Amino acid sequence: MKRRDFLQQSGLTVAGTMLIPNFLKAFEINQLATPVATGKTLVIVQLSGGNDGLNTVVPFRNDVYYRERPTLAIPGEKVLKLNDEIGFNPALESLKKLYDDGLVTVVNNVGYPNPDRSHFRSMDIWQTASRSDQYLSTGWLGRYLDASCSGSGCLPHQAIEVDDTLSLAMKGDQVNGLAMLDPKKLYNQTQNSFVHGLAKLDADHAAESDNLHYLYKTLAETNSSAAYVYNKAGKVNRTQGTYPATELGNRLKTVSELIQSGVATSVYYISISGFDTHINQPGQQERLLRQYADAVKAFMGDMKAADREKDVLLMTFSEFGRRVKQNASNGTDHGTANNIFLVGGNLRPGSVFNEAPNLIDLDEGDLKYTVDFRTIYASLLRNWLKADDVAILGQKFDTLNFV
């Protein structure tokens, strides 16, 4: 049985119910407060469901766009212009203000060869950074954790997902990230009666099974991280920033407080769902994009107030874009290439990185990618996190000069 299957079947995850026997206490004590290597923080925001990129960054000069989307296209006079060809959906007004302040870079036509239009498979490809014909059991950020660990120098809190469960992107071979919604809640969960019961187990029994040893090791690492984050976060005041009362707003607020607490975390991961807009897309997408933009603006304002704006880089992606032509249900179907956003104080000032989508050179009705998403990962790993991108991604990709 694989370790991942063992953990799932045991009913225990790396977040939530955390148990630790006494014989691993020495390990726990030795591992606390591992410092970050660069002082830089990467925040990933995942738009789950396949966000419609063409109605997010709108090609308002393109007649094909309006011809193929007679009821879905955003009228040109409503578009928030970025240049002579493209502009933001009007729901992204808050993001446009960040763009005007030089904090946003838009990368168009991001994808990969032989795209898969399945939500699950395409998300796996994005989260593992695999080829479309390759199946990996570790995520690119989990492998970043593995690569950052020399011997005993790494713990889950160095990569935190603000959620109840941990994404594949955050799972490594040796170390997993830490999933939690609230530091206090997670810490309290490690203090339940199961801890005392498990502490009575004979260490020799654990040594008999590689899987059991791995489980205890994982639980010990997570327990240590839960205590560390709780103690760190409890020593600072709550942020004074004002966030929208939305799921993403609350989660970015949590990230802000952890950053301002000085928690030794290099990567944060957040998801927002609902972008699978097959039916009646306009109102649904507008609501989600507005939530996204308002939350990101609040977060970046908070980082500026805390003098951390230049140390934080936020990347937003979705597993695929939508088809160029709208469907019969006033929505859009699964597509391929999409845009991504990079937001931070150390980017090329407010820019559109590359050309707009070509709507007359399509692949069976879908956009052709021109930027492999792994070149963006390589750029973030090498230039931002100062990590070995070739080892983590399994091959060398050219880096892009947005950072």
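How many of the 10 residues of helix H5 are buried? The views below, all taken from a predicted model, begin with that helix.

**View 1. Helix H5 is largely enclosed by the rest of the structure.** Eight of the 10 residues in H5 (residues 119–128) are buried, so the helix has the rest of the structure around most of it. If you would like to find the buried residues, look for His119, Arg121, Ser122, Met123, Ile125, Trp126, Gln127 and Thr128. Just after H5 comes Ala129, with a positive phi of about 65 degrees.

**View 2. Helix H12 has the end-to-end span expected for its 25 residues.** H12 covers residues 281–305. Allowing 1.5 Å a residue, the helix should span 36 Å, and this agrees with its end C-alpha atoms, which are 36 Å apart. Following H12 is Asp307, a residue whose phi is positive, near 60 degrees.

**View 3. Helices H4 and H12 meet at an oblique angle.** Two numbers describe a packed pair of helices: the angle between the axes and the distance between them. Here the axes of H4 (residues 93–100) and H12 come within 7 Å and cross at roughly 40 degrees. That crossing makes H4 oblique to H12, because angles of 35 to 65 degrees fall outside the roughly parallel and roughly perpendicular ranges. On the H4 side, the contact uses Ser94, Leu95, Lys97 and Leu98. H12 brings Tyr292, Ala293, Asp294, Val296, Lys297 and Met300 to the contact. By character, the residues of this contact are six nonpolar, one polar and three charged.

**View 4. The largest nonpolar core has 51 residues.** Phe88, Leu95, Leu252, Tyr292, Val296, Phe299 and Leu314 have the most contacts inside this core. H12 supplies its largest share, 10 residues. For a closer look, try Phe299: leaving aside residues up to four places away in sequence, Phe299 touches Val43, Tyr243, Leu252, Val255, Ser256, Ile259, Val312 and Leu314. Another core lies apart from the largest one and has 44 residues, including Leu42, Met170, Leu385 and Phe402.

**View 5. The whole protein puts the close-ups in context.** In total, the protein has 14 helices and 12 strands. Of its 403 residues, 57% are buried. Among contacts with a separation of 6 or more, 74% join residues 24 or more positions apart.

Definitions and conventions
Residues numbered from 1 in each chain as written. Predicted model: local features only at pLDDT ≥ 70, side-chain atom pairs only at ≥ 80, totals over all residues. Heavy atoms only, no water. Axes fitted to C-alpha atoms, helices over the stretch in contact; angles between N-to-C directions. Helix = DSSP H or I, 4+ residues; strand = E, 2+ residues; numbered from the N terminus. Parallel < 35°, antiparallel > 145°, perpendicular 65-115°, else oblique. Contact = heavy atoms within 4.5 Å. Nonpolar A, V, L, I, M, F, W, Y, C, P; charged D, E, K, R; others polar. Expected span 1.5 Å × (residues − 1). Core = buried A, V, L, I, M, F, W, Y, C linked by side-chain atoms within 4.5 Å. Buried < 20%, exposed > 50% of the residue type's maximum accessible area, 1.4 Å probe, protein only.
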